[in-house]
Number of protein chains: 2
Amino acid sequence: MSDTPDSAVRTYTEQHRTAFLDDLAAWLRIPSVSAQPVHDGDVRRSAEWLSAKLEETGFPVTEIWETPGAPAVFAHWPSDDPDAPTVLVYGHHDVQPAAREDGWDTDPFEPVIRDGRMYGRGAADDKGQVFFHTLGVRAHLAVTGRTAPAVNLKLLIEGEEESGSPNFRALVEERADRLTADAVIVSDTGMWDESTPTVCTGMRGLAECEIELHGPEQDIHSGSFGGAVPNPATAVARLVAALHDADGRVAIPGFYDGVAELTDSERALFAELPFDEATWLRTAKSRSASGEAGYSTLERVWARPTAEVNGIGGGYQGAGSKTIIPSSALVKISFRLVAGQDPDRVQQVVRAWAEAQVPAGVGHRITFAPATRPCLTPLDHPALQAVARAMGRAFGQKILFTREGGSGPAADLQDVLGAPVLFLGISVPSDGWHAPNEKVELDLLFKGVETTAHLWGELAAALR
Amino acid sequence: MSDTPDSAVRTYTEQHRTAFLDDLAAWLRIPSVSAQPVHDGDVRRSAEWLSAKLEETGFPVTEIWETPGAPAVFAHWPSDDPDAPTVLVYGHHDVQPAAREDGWDTDPFEPVIRDGRMYGRGAADDKGQVFFHTLGVRAHLAVTGRTAPAVNLKLLIEGEEESGSPNFRALVEERADRLTADAVIVSDTGMWDESTPTVCTGMRGLAECEIELHGPEQDIHSGSFGGAVPNPATAVARLVAALHDADGRVAIPGFYDGVAELTDSERALFAELPFDEATWLRTAKSRSASGEAGYSTLERVWARPTAEVNGIGGGYQGAGSKTIIPSSALVKISFRLVAGQDPDRVQQVVRAWAEAQVPAGVGHRITFAPATRPCLTPLDHPALQAVARAMGRAFGQKILFTREGGSGPAADLQDVLGAPVLFLGISVPSDGWHAPNEKVELDLLFKGVETTAHLWGELAAALR
């Protein structure tokens with residue numbers, strides 16, 4: 001584990017700093033906005049640019065993988081050690097839309113370095129985080145004197161993450177034989193803040209449903225009929241009101257089946273984070289925190305399943321009034337899931353519960369979107385400990401642990417490949433993902449390089 | 001009361017049948033659609049036509065009253081009896097929009113007589129019902145040999161009823177000294193059906209409010225924040241769910257204060273009506289009846305106050321899903337009020353209740369539209385009995401009693417003038433108000449003429 005001395009890695013990184021930043025800037029200049037068809041060619045150019053750069057880095061195998069949408073990039077650098085474990089790195093080369101007039105101080109696709117930061121769309125999400133792997137693996141080889149990495153290193157960098165990864169799972173399933181791995185490293189998240197390096201240990205899963213209730217065949221007069229027939233808007237409201245109990249727990253029977261409860265040590269680790277509720281509320285743009293009784297705010301968003309109304313609607317919503325009983329009403333509810341919950345089972349209990357809420361004389365239609373599984377790596381997993389060690393060496397600090405409240409395609413990799421997912425995300429909340437003036441802190445970018453330089457040795461030892 | 005023998009009235013009416021129908025057809029040809037600015041000139045033409053016709057009928061005073069919108073017509077025929085009571089007839093000369101392509105078999109503004117019916121926009125709502133008063137008062141004079149009516153007869157025929165009567169209350173308040181009356185006759189409703197002549201005894205009032213709840217400053221990510229901040233869509237649903245108790249009663253403290261309970265005789269009279277729930281449900285386009293426990297369907301819509309959601313909305317309502325906690329949500333609720341309820345007091349208790357439902361960390365804005373009072377004439381009121389007697393003589397049948405679940409400008413007349421409101425509506429549900437192929441049954445039209453021919457003598461005696 002000391003085959004990549006910290007100081008040697010740092011020196012190597014320093015020496016290649018300028019060329020590395022020039023290359024990243026060149027990539028950021030390609031506006032690979034997957035959501036905007038006008039940029040389809042740019043997304044392809046971005047994939048080709050990355051593929052060429054990975055080849056130049058030394059990957060013997062670099063391929064562009066087509067999908068029905070935007071292309072992904074695959075690269076493979078087999079280890080020279082026949083017993084080496086295999087690690088797959090996930091990231092994405094597409095970016096969010098951006099335009100100067102959205103509030104950018106400079107052209108989002110003409111990166112500039114100012115005050116130790118590089119500004120540009122994709123600087124943090126996710127080109128910067130994908131790119132630190134290229135210099136990282138070269139540093140790993142340079143300071144160890146190896147000709148191939150200590151692990152069989154694979155990269156899968158998709159091109160549709162900012163469009164909801166519509167073809168990602170199918171791609172992974174189709175190419176599963178090429179993607180086999182003992183561990184997956186996802187570099188598309190962040191850490192707590194500039195002075196608190198952290199490793200994320202899991203993400204919540206997601207089940208989404210839409211419930212439509214049908215009352216009268218058409219809107220009817222609330223004077224002539226009001227008080228004497230079921231009102232679907234009232235019915236949908238009662239259904240939503242029944243979602244939670246007085247303690248803020250989801251009141252659907254069976255919803256909590258299998259939920260992995262937080263251990264004392266996980267709660268203790270969360271509590272070590274410098275959490276300030278007032279600051280968090282500013283980020284949440286909310287006036288107060290509330291939720292399931294018996295859990296802290298961080299526990300609620302990271303480790304507890306939820307039911308949130310994303311949208312509700314029915315009847316007249318315009319200016320003024322319209323005295324009708326609406327013909328129909330709907331609600332869209334998303335359930336965040338945690339380790340131990342099975343999305344199929346959740347859909348079953350939600351459906352059964354919702355059907356039981358529908359009053360007589362009201363019709364219903366319940367539909368579910370494809371679900372995303374939760375993923376969670378136990379704190380004592382050797383691969384997770386290896387990631388924390390590599391990061392600790394780069395930062396020279398104790399590494400704390402977080403989770404993500406959101407859900408992502410990482411779960412698909414865990415699902416299809418059957419490998420644990422580790423999150424190596426070196427970005428901070430102020431980086432402005434999806435916002436104007438997205439940037440990456442250059443110091444952190446090079447901490448990312450150093451972390452990955454240490455990581456392959458750490459993982460090879462941990463997974464052996 | 002026998003100064004207008006039934007047979008003499010019938011003979012007089014028969015003799016003037018053709019000219020009366022020709023005149024009504026001429027009026028229906030004027031497309032006085034108040035909701036469509038292109039017809040502003042037609043609404044004025046309609047007022048002028050009616051004013052001239054009332055003058056020709058014999059009214060010594062006919063005036064066109066301007067409003068900020070469409071003009072109303074006022075007419076006055078003082079009685080020759082110095083002790084005669086004063087009666088004000090209300091109706092409207094504007095009509096709903098209509099176009100051949102909406103499903104009319106013939107031009108809506110080119111009336112035709114077919115199978116004992118006159119088809120045309122306004123035939124029943126409300127030109128036909130206004131117009132039977134013109135022949136009615138002439139029959140009253142002809143068969144009694146009087147030169148002036150047995151009551152001081154006033155007519156106020158507005159031009160904006162189909163546009164929500166935006167200027168009506170102000171007009172009544174401004175002209176209150178010209179409109180003083182001992183009773184108001186509203187001819188703008190209907191009766192139970194072709195074979196069941198009825199008198200409506202009241203309408204419900206209306207209080208409308210919009211409640212907007214505010215959560216995060218903008219939509220926020222339901223993964224990053226879900227489960228830990230208040231969701232305004234959930235809050236609005238809980239508020240709506242708290243509107244009613246398990247018995248379908250409105251659960252707002254103080255809401256039922258003052259409500260005039262149905263008497264046993266009123267319930268018995270309602271029960272005499274040939275009500276068939278399956279038929280009623282077809283009209284309501286609903287699958288089942290439901291509402292306040294302990295009341296029949298007719299009692300629920302006619303005699304009980306209600307709270308109905310007219311619209312609810314918040315967050316994402318489009319196709320697919322969007323994983324947000326919405327920034328705001330709203331609900332529009334209309335309360336139908338019955339005799340004994342004070343709309344100001346209802347607004348107060350609704351506001352207090354709604355504010356108490358808003359959870360911590362959620363902002364709110366509650367607004368009320370101008371309210372409409374309920375109106376109800378007691379069954380034993382002499383003027384109501386006079387209307388029923390006049391109608392009974394025309395129909396040769398027992399007259400039953402109904403109410404209206406809706407709300408209307410009649411309440412403004414009751415309010416401002418302090419006079420009881422009686423409903424003389426001779427139209428049937430099949431007349432197609434606001435629908436294509438609106439028609440009036442000629443037999444019923446002439447029953448209206450006969451009823452009004454008897455009415456002034458009956459009322460003069462009853463109110464003396």
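## A walk through chains A and B

Start by selecting β13(B): this strand is mostly covered, with nine of its ten residues buried. Keep in mind as you click around that you're looking at a predicted model.

**Stop 1: the neighbours of β13(B)**

Leave β13(B) highlighted and add β9(B). These two strands run antiparallel and are joined by ten bridges. To see one pairing up close, pick B:Leu213, whose bridge partner in β13(B) is B:Ala329.

Now add β11(B). Which way do β11(B) and β13(B) run relative to each other, parallel or antiparallel? They run antiparallel, with eight bridges between them. Zoom in on B:Ile312 here, and you'll find B:Val331 of β13(B) standing opposite. While you have strands on screen, here's a handy rule: in a regular strand the side chains alternate between the two faces of the sheet.

**Stop 2: crossing over to chain A**

Keep β11(B) selected and bring in strand β11 of chain A, residues 306–315. Five bridges join this strand to β11(B), and the pair runs antiparallel. For a spot to centre on, try A:Gly311, which sits opposite B:Gly315 in β11(B).

**Stop 3: the whole interface**

Zoom out and show everything where the two chains meet. You should have 72 residues of chain B in contact with 71 residues of chain A. The size of an interface is often given as the accessible area lost when the parts come together. For chain B and chain A, about 5,300 Å² is buried between them, and 52% of that is on carbon and sulfur atoms.

How many salt bridges does the rule find across the interface of chain B and chain A? Zero! Polar contacts are another story: 39 residue pairs are in polar contact between chain B and chain A, counting pairs with both residues at pLDDT 80 or more.

Next, colour the elements of chain B that each supply at least two residues to the side touching chain A; among them are β9 (205–214), α7 (232–241), α9 (277–284) and β13 (328–337). The biggest giver is β11(B), with nine residues. Try colouring that side of chain B by residue type too: you'll get 25 nonpolar, 34 polar and 13 charged.

**Stop 4: a glutamate in chain A**

Go to A:Glu266, in helix α8 (residues 264–272) of chain A. Is A:Glu266 buried or exposed? Its relative accessible area is 12%, so A:Glu266 counts as buried. Show what surrounds this residue: leaving out residues up to four places away in sequence, A:Glu266 touches A:Glu261, A:Leu379 and A:Arg403. With A:Arg403, the side chain of A:Glu266 makes a polar contact of 3.1 Å. Then look for the backbone nitrogen of A:Thr263, which lies 2.9 Å from a polar atom of the A:Glu266 side chain.

**Stop 5: some backbone oddities**

Select A:Asp125 and A:Asp126, which are joined by a cis peptide bond with omega of about 10 degrees. A:Asp126 is in the loop between β5 (117–119) and α4 (127–144) of chain A. Hop to chain B, and a cis peptide bond joins B:Asp125 and B:Asp126, with omega of about 10 degrees.

Now pick A:Asn437, in the loop between β17 (421–423) and β18 (439–441) of chain A. A:Asn437 has a positive phi of about 60 degrees although it isn't a glycine, and at 19% relative accessibility it counts as buried.

Last pick: B:Lys285, in the loop between α9 and α10 of chain B. B:Lys285 isn't a glycine either, yet has a positive phi of about 50 degrees. With a relative accessible area of 28%, B:Lys285 is partly exposed.

Key
Residues numbered from 1 in each chain as written. Chains lettered and ligands numbered in written order. Predicted model: local features only at pLDDT ≥ 70, side-chain atom pairs only at ≥ 80, totals over all residues. Heavy atoms only, no water. Contact = heavy atoms within 4.5 Å. Buried area = accessible area lost by both parts, 1.4 Å probe. Salt bridge = Lys/Arg side-chain N within 4 Å of Asp/Glu carboxyl O. Polar contact = N/O pair within 3.5 Å; in protein donor to acceptor, adjacent residues only side chain to side chain. Helix = DSSP H or I, 4+ residues; strand = E, 2+ residues; numbered from the N terminus. Nonpolar A, V, L, I, M, F, W, Y, C, P; charged D, E, K, R; others polar. Pairing = 2+ DSSP bridges. Buried < 20%, exposed > 50% of the residue type's maximum accessible area, 1.4 Å probe, protein only.
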